[in-house]
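Colleague: I have a new model open and would like to learn how to read it. Could you take me through it feature by feature?

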Amino acid sequence: MPRPNAKDRRAQAKIAAALGSTGFALPGTILERSICCKKPGCRCTADPPQLHGPYYQWTRKVNGKTVTRLLSPEQMERYREWFDNAKRIRTLASDLEFLSLEIAESAEGWT
């Protein structure tokens, strides 16, 4: 049976539906950091240390340049789902590419 077949089309439709149900998305990487200021007598230099933070660092590319921005805990909470959505979109796009490659490579005469 030539491809894409009914099973392939169902898989593609499932991926498309998942993409369609995804909300807002923010690209980039989020780092959660805790730091030590090293000021004498500060709690971060105690034993055991109690670090400052957490601080949320959002890094992404804008016009080929790396842009980094600190987010407040409130901003992080507000946009957490958007960062998760961006990951989901990348995963779904990868799944669609994998399916497409599988179909193309199974085609008669593909070398």
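Modeller: Gladly! Helices and strands here are DSSP runs, at least four residues for a helix and at least two for a strand, numbered from the N terminus. Keep in mind that this is a predicted model.

Colleague: How many helices and strands does the chain have, and in what order do the elements run?

Modeller: There are 2 helices and 3 strands, and from the N terminus the order is α-β-β-β-α.

Colleague: What does the radius of gyration say about the overall shape?

Modeller: Set it beside the value for a compact globule. For 111 residues that would be near 13 Å, whereas this chain has 22 Å. The C-alpha trace spans about 75 × 30 × 30 Å along its principal axes, and buried residues make up 18% of the chain.

Colleague: Which residues form the largest nonpolar core?

Modeller: In soluble globular proteins, nonpolar side chains tend to be buried together. Here the largest such core has 6 residues: Leu26, Tyr56, Trp58, Leu71, Met76 and Phe83. Strand β2 (52–62) and helix α2 (73–106) each supply at least two of them. Tyr56 touches, among others further than four places away in sequence, Leu31, Arg69, Leu71 and Met76.

Colleague: And Leu70, is that residue buried or exposed?

Modeller: Exposed means over 50% relative accessible area, so Leu70, at 60%, counts as exposed. Leu70 is found in strand β3 (residues 65–71). Together with Ile35 and Tyr55, Leu70 forms a nonpolar surface patch with about 300 Å² of accessible area.

Methods: Residues are numbered from 1 along each chain as its sequence is written. This is a predicted model: local features need pLDDT of at least 70, side-chain atom pairs count only at pLDDT 80 or more; totals for chains, interfaces and linings use all residues. Side-chain values use heavy atoms; hydrogens and water are left out. Patches are made of residues with over 30% relative accessible area and no salt bridge: like charges are joined within 9 Å, nonpolar side chains (Val, Leu, Ile, Met, Phe, Trp, Tyr) within 5 Å. Accessible areas come from the Shrake-Rupley method with a 1.4 Å probe; for residues, only the protein chains shown count as cover. A salt bridge is a side-chain nitrogen of Lys or Arg within 4 Å of a carboxyl oxygen of Asp or Glu. Buried means under 20% relative accessible area, exposed over 50%, partly exposed in between (1.4 Å probe, protein chains only). A nonpolar core is a set of buried Ala, Val, Leu, Ile, Met, Phe, Trp, Tyr and Cys residues joined through side-chain atoms within 4.5 Å. Contact means heavy atoms within 4.5 Å. The radius of gyration is taken over C-alpha atoms; the globule rule is 2.2 Å times the number of residues to the power 0.38.
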